[in-house]
Amino acid sequence: MSSYQEIVEREQKYLLNTYARYPVAIARGKGVHVWDVEGRRYLDLLSGLGVNALGHAHPRIVKVIRDQAAKAIHVSNLYYNEYQGLLAEKLCARSGLDRAFFANSGTEAIEGALKLVRAAGHATGGPEKSIVVALDNSFHGRTMGALALTGQPKYRKDFDPMLEGVRFVPRNDIAALQAAMADQVCGIVLEPIQGEGGIQEVAPEFLRACRDTADHHRAALIFDEIQCGMGRTGQLFAFQHFGVTPDVVCIAKPMAAGLPMGAFLAKEEFARHISPGKHGTTFGGGPLACRVALEYLAILEEENLLERVRRVGSYFSQKLRELVEKFDIAVEARGLGAIQALELNVPGKPVLDGAHANGLLFNVTQDTVLRFLPPFLLEEKHVDSGVRILRRQLAALQKEQKKVRRAVEPAAV
């Protein structure tokens, strides 16, 4: 096995410089823990950015991958395979939507959904019915269409011109939403819980306004549940938690238990406007990924994991709120289920670095938000273990901040 230093040097020499990686090289995992190449163990509260919802090396997933890999990994969409239709049927039944398209990532799901609603818009309102309304502070992916919908200029910087016809409105601002709408709008796209934006929930009344406004203008309501869906809120789909059903929902991350897979599900009213030749994929919907996704759904049900997500998520929320009460630098705990955040009023990197050094993995988004996307196997004892580490790091950072303020205040006087 290569050493940590060898891994780092090789990547720095040959890979495109796109990731500011944390100084950890992971070698293997089991359940809610991972081990680095030097044998150190970590409690994983990030689960591959929300992908490893079943933890690591789940025995049923390992068994299915081995079995299917020995039969057929890929056949292309020129042919039928046994599992693609079964998975589509299962997802449509659980969502109440009518048709599925399988891709390889969340970004691809967003791109496909965007094509779908523009095709539907053109069919019902002519070429000018092509405007999409999106939210400030959103994140939908890094390809050009998904990037055009992303309401954070820092991600779009250096890649202009973007896809035309996108209007941004503030989250939860119903008046701004209504002002942006017109008969030329073909879709509204949003994350029910903004992930990269700092685990920010969209208010149910705003979601209902989006539903009503989309219906009035014959536009599609698209939910991006790539990070918050597939069980992470304690419901299979986040929209089931909020009580507003979209016309299209985009999903990805955990749905194939670590294999690259994304999808969008759509109502027939919109899906019928995509016919053979208008969209496609080489790898999407292959027998290996689809069979693993079916096993993922079966495990959620048979091991009653969504109930665990709700129970342990509530406990995690309580423990994060206690940190807010204890530390001046912690200003808000938010989220639900297995998508949680602790916002600080100072940069979170020192807490992150200290946690890594003490065997705890999570990440920081928006500079000050500690983000947690734990596996659904998490138990209360794991929460306690992680929070103990967090408490020590917050105490150390708060002490350091007070020391800095004391040093600055006399000088200011």
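The legends below accompany several close-up views of this structure, which is a predicted model.

**View 1. The largest cavity and the residues that line it.**
The structure contains three cavities of 30 Å³ or more, and this view is centred on the largest cavity, which holds about 70 Å³ of space. Its lining includes Arg308, Val309, Val312, Gly313 and Phe316, together with Gly337 and Ala338, and it is completed by Pro374, Pro375, Phe376 and Leu378. Sorted by class, the lining of the largest cavity consists of eight nonpolar residues, two polar residues and one charged residue. The charged one is Arg308, because Arg is counted as charged, and the two polar ones are Gly313 and Gly337, because Gly is counted among the polar residues in this scheme.

**View 2. The salt bridge between Arg40 and Asp36.**
Side chains of opposite charge can pair when their charged atoms come close. The count for the structure comes to 21 salt bridges, and one of them joins the side chains of Arg40 and Asp36, with a distance of 3.1 Å from N to O. The two partners can be described by their accessibility: Arg40 is partly exposed, with a relative accessible area of 45%, whereas Asp36 is buried, with a relative accessible area of 5%.

**View 3. The salt bridge between Asp215 and Arg211 in helix H9.**
Here the side chains of Asp215 and Arg211 meet in a salt bridge, at 2.7 Å from N to O. Both residues belong to helix H9, which spans residues 204-216, and because they are four residues apart in that helix, about one helical turn separates them. Asp215 is partly exposed, its relative accessible area being 47%, while Arg211 is buried, with a value of 12%.

**View 4. The salt bridge between Glu332 and Arg334, and a network of salt bridges.**
The side chains of Glu332 and Arg334 form a salt bridge in which N and O are 2.7 Å apart. Glu332 is partly exposed at a relative accessible area of 38%, and Arg334 is buried at 11%. Elsewhere in the model, salt bridges with shared partners connect Arg211, Asp215, Asp247 and Lys267 into one network.

**View 5. Thr281 in a loop between two helices.**
Thr281 is placed in the loop that runs between helix H11 (268-271) and helix H12 (287-302). Its side chain makes a polar contact with the side chain of Asn104 at 3.5 Å, and the side chain of Thr281 also reaches the backbone nitrogen of Gly284 at 3.0 Å. When residues up to four places away in sequence are left out, Thr281 touches Asn77, Phe101, Phe102, Asn104 and Glu108, so that Asn104 appears both as a polar partner and as a contact under the 4.5 Å cut-off for heavy atoms.

**View 6. Thr245 and its surroundings.**
Thr245 lies in the loop between helix H10 (238-242) and strand S11 (248-251), and at 35% relative accessibility Thr245 counts as partly exposed. Leaving aside residues up to four places away in sequence, the residues that Thr245 touches are Leu97, Arg211, Leu221, Phe239 and Lys267. Two of these, Arg211 and Lys267, also take part in the salt-bridge network with Asp215 and Asp247. By C-alpha positions, Thr245 stands 28 Å from Thr365, a residue from which Thr245 is separated by 120 residues in sequence.

Technical notes
Residues numbered from 1 in each chain as written. Predicted model: local features only at pLDDT ≥ 70, side-chain atom pairs only at ≥ 80, totals over all residues. Heavy atoms only, no water. 1 Å grid on protein atoms, 1.4 Å probe; cavity = no way out; pocket = protein on both sides within 12 Å on 5 of 7 lines; lining within 4 Å. Points joined across faces, edges and corners; volume = space filled by probe spheres on them. Salt bridge = Lys/Arg side-chain N within 4 Å of Asp/Glu carboxyl O. Buried < 20%, exposed > 50% of the residue type's maximum accessible area, 1.4 Å probe, protein only. Polar contact = N/O pair within 3.5 Å; in protein donor to acceptor, adjacent residues only side chain to side chain.
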